[in-house]
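Q: Please take a close look at a single part of this model, and set out with care what surrounds it and how those surroundings fit into the chain.

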Amino acid sequence: MTRFWDPDGERYGIPTYPYRLAPEGLATRRQLRARGLRPGGQPIAAQLLWPSRRSRTGPRAAYLYRVDAALPVRPMTPARWAALERALAARRTCPACRRDTGSTIPTSLGVCALCADAPVLAA
């Protein structure tokens with residue numbers, strides 16, 4: 001797609017490449033994470049653009065970062081593990097009956113399946 005080919009950044013402001021045509025040495029956040037790295041505060045080096053039928057606002061974008069400037073992922077400390085466990089427990093706890101359902105409460109219901117199926121008691 002020549003429409004998204006702008007390696008100098010004249011058209012889009014930053015170097016832009018079509019989907020799957022980024023040069024070596026650049027990676028998305030997910031690709032960095034798969035290698036055990038993180039962007040580490042570096043600015044966006046380039047972007048990928050591709051057309052999408054799902055998006056109504058135009059082409060989709062993925063930002064690219066330099067692999068050589070990426071830093072290693074910070075290790076999880078016991079306090080961070082505890083905070084993560086509390087956050088996940090809050091997602092499993094029904095706000096109506098206060099039970100841990102064992103799975104995430106559906107946002108469409110806002111309560112567990114038992115509370116959603118229970119008949120509403122008229123006062």
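A: Leaving aside residues up to four places away in sequence, Thr28 touches Ala62, Tyr63 and Leu64. These contacts belong to a predicted model, and every value given here is computed from it. In terms of secondary structure, Thr28 is found in the loop between S2 and helix H1, the latter covering residues 29-34. With a relative accessible area of 16%, Thr28 falls under the 20% limit and is therefore buried. For the chain as a whole, buried residues make up 22% of the 123 residues.

The residues touched by Thr28 lead to strand S5, which spans residues 60-66 and is joined to S2 by two bridges, the two strands running antiparallel. Within this pairing, Ala27 stands opposite Tyr65 in S5. Both strands belong to an open sheet of four strands, whose order is S1-S4-S5-S2 and whose pairing is mixed. Strand S1 (16-18) and strand S2 (26-27) stand at the edges of the sheet, and each has a single partner strand, so one side of each is left without a neighbour there. In general, the strands of a sheet pair through backbone hydrogen bonds, in either a parallel or an antiparallel manner.

Thr28 also has a place in the lining of the largest pocket, where Ala27, Thr28, Gln31, Leu48 and Leu64 lie nearest the centre among the 16 lining residues. The elements that give two or more residues to this lining are S2, strand S4 (46-50) and S5. The volume of the largest pocket is about 300 Å³, and its lining divides into 10 nonpolar, three polar and three charged residues. Leu64 thus appears in two settings, as a residue touched by Thr28 and as one of those nearest the centre of the pocket.

Turning to the chain around this part, the secondary structure comes to three helices and six strands, and from the N terminus on the elements run β-β-α-β-β-β-β-α-α. The C-alpha atoms fill a box of roughly 70 × 40 × 20 Å along the principal axes. The chain has a radius of gyration of 22 Å, whereas a compact globule of 123 residues would have one near 14 Å. Among contacts between residues at least 6 apart in sequence, 44% join residues at least 24 apart.

Note on methods: Residues numbered from 1 in each chain as written. Predicted model: local features only at pLDDT ≥ 70, side-chain atom pairs only at ≥ 80, totals over all residues. Heavy atoms only, no water. Pairing = 2+ DSSP bridges. Buried < 20%, exposed > 50% of the residue type's maximum accessible area, 1.4 Å probe, protein only. Contact = heavy atoms within 4.5 Å. 1 Å grid on protein atoms, 1.4 Å probe; cavity = no way out; pocket = protein on both sides within 12 Å on 5 of 7 lines; lining within 4 Å. Points joined across faces, edges and corners; volume = space filled by probe spheres on them. Nonpolar A, V, L, I, M, F, W, Y, C, P; charged D, E, K, R; others polar. Rg over C-alpha atoms; globule rule 2.2 N^0.38 Å.
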